[in-house]
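Morning, everyone. I have one model to walk through today, so please bring it up on your screens.

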Amino acid sequence: MSAPFDWSGVSIALIGAGNMGLAMLEGWAAQGLAGDQVVVAEPNPSQRLRDLCAVRGFRLAEGDSADEPRQAVVLAVKPQLLEAGAASAAPFVSAGSMVVSILAGKRIADIAARLPAAKAVVRAMPNTPAAIGRGMTGAFANEATSEAQRVLAHVLLSAVGQVEWVESEALIDAVTAVSGSGPAYVFYLVECLAAAGVEAGLPADLAARLARATVEGAGELLHQQQDTAAETLRQRVTSPGGTTAAALDVLMASDGLAQLLARAVAAAKSRAGELSG
Ligand SMILES: NC(=O)c1ccc[n+]([C@@H]2O[C@H](COP(=O)([O-])OP(=O)(O)OC[C@H]3O[C@@H](n4cnc5c(N)ncnc54)[C@H](OP(=O)(O)O)[C@@H]3O)[C@@H](O)[C@H]2O)c1
């Protein structure tokens, strides 16, 4: 989205301002959102949340008469607290509201059943780098969501990183398996690379630093060279017959990393399907 989004007239209720909700709120604040455009329902506001609300003029909801329907109601409570979260959200929901849920494993039908007044519902799956504004969120909008609402959802979710849309809700399980759980695969790669370094003779602490910095640097290179495919970046550091090629021969063998990751992603996808019923 190239032109800056026009926030005027946008009204939002944020339900739950823990790790993810607060990161989103900070992102909206950084984009210029202020004042009573945002109301936050949060039973135990952290000092960081109180400070942000004080500085930006956001209102902390206290179930008072000032509660009124909002254009967007963002649900960011733990999935097991959907029932209570929906009760907190209800005063802000009318037929014209869009509910954006980031609750892992909760389907559009689960949300719609608890907030029947809402027609437009968006289900989104962020990941942990959202905490530093570098998340990847996969999102699906139900049929009742208008194009304008979808744009608003995109902007709201973009506050913590990139957003990609899928055309069927079932694909959210695959998104969960790739980008939702993906950061853990990369952290495990760091652990495995460090352990392999120890096997190769390095002291453990040095191997850990080398592995970590390598993944950090490679990730940053990917980030900074958005137009270059990962495959191209890999080929650039692989001279024929060299050391990297020797390692890649092992990783790219017929029972190598591709097959292992395919099995890991399939297992995560299958589990995501079980958890969302
Ligand atoms: N963190 C991630 O990387 C990640 C990734 C993908 C999806 N998600 C989804 O994001 C959601 C939030 O995760 P999180 O890590 O931010 O959880 P969290 O830190 O526990 O934040 C949830 C917040 O909601 C508050 N809350 C509880 N009941 C409420 C109610 N009835 N009304 C309003 N607020 C209420 C909680 O307060 P108390 O602490 O007082 O209960 C807490 O501050 C989850 O559904 C999760 O599946 C998170």
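Start with the two domains: their C-alpha centres lie 33 Å apart. Keep in mind that this is a predicted model. Domain 1 covers 12-175, and domain 2 covers 182-275. How many residues of domain 1 are in contact with domain 2? Six, and they meet six residues of domain 2. On the domain 1 side, the class split is two nonpolar, three polar and one charged.

Next, the ligand. Its shell holds 27 residues. Which of them come nearest? Gly16, Gly18, Met20, Ser88 and Ala104. Now sort the shell by class. You get 15 nonpolar residues, 10 polar and two charged. Two helices to note here are α1, residues 19-30, and α3, residues 82-89. Each of them supplies at least two residues of that shell.

Stay with α1, and look at how it packs. A reminder on the description: for two packed helices, we give the angle between the axes and the distance between the axes. The partner is helix α2, residues 47-56. The angle is about 20°, and the axes are 11 Å apart. The cut-off for roughly parallel is under 35 degrees, and α1 and α2 are therefore roughly parallel to each other. The crossing of α1 past α2 is left-handed. Who makes the contact? From α1, it is Leu22, Leu25, Glu26 and Ala29. From α2, it is Arg48, Leu49, Leu52 and Arg56. By class, that contact has five nonpolar residues, three charged and no polar.

Second helix pair: α7, residues 182-199, and α8, residues 204-224. Their axes sit 8 Å apart, at an angle of about 140°. Parallel, antiparallel, perpendicular or oblique? Roughly antiparallel needs over 145 degrees, so at about 140° α7 counts as oblique to α8. Here α7 passes α8 in a right-handed crossing.

Now the residues in that contact. The α7 side has Val186, Leu189, Val190, Leu193, Ala194, Gly197 and Val198. The α8 side has Ala204, Ala207, Ala208, Leu210, Ala211, Arg212, Thr214 and Val215. The class split is 12 nonpolar, two polar and one charged.

To recap the two pairs. α1 with α2: about 20°, axes 11 Å apart, left-handed. α7 with α8: about 140°, axes 8 Å apart, right-handed. That's it from me.

Conventions: Residues are numbered from 1 along each chain as its sequence is written. This is a predicted model: local features need pLDDT of at least 70, side-chain atom pairs count only at pLDDT 80 or more; totals for chains, interfaces and linings use all residues. A residue is near a molecule or strand if its C-beta atom, placed from the backbone, lies within 6 Å of it. Helices (H or I, at least four residues) and strands (E, at least two) are DSSP runs, numbered from the N terminus. Ala, Val, Leu, Ile, Met, Phe, Trp, Tyr, Cys and Pro count as nonpolar, Asp, Glu, Lys and Arg as charged, and the others, Gly among them, as polar. Axes are lines fitted to C-alpha atoms, for helices over the stretch in contact, and angles run from 0 to 180 degrees between N-to-C directions. Angles under 35 degrees count as roughly parallel, over 145 as roughly antiparallel, 65 to 115 as roughly perpendicular and the rest as oblique. A crossing is left-handed if the near helix is turned anticlockwise from the far one by less than a right angle, and right-handed if clockwise. Two residues are in contact if their C-beta atoms, placed from the backbone, lie within 7 Å. Domain bounds come from an automatic or database domain assignment.
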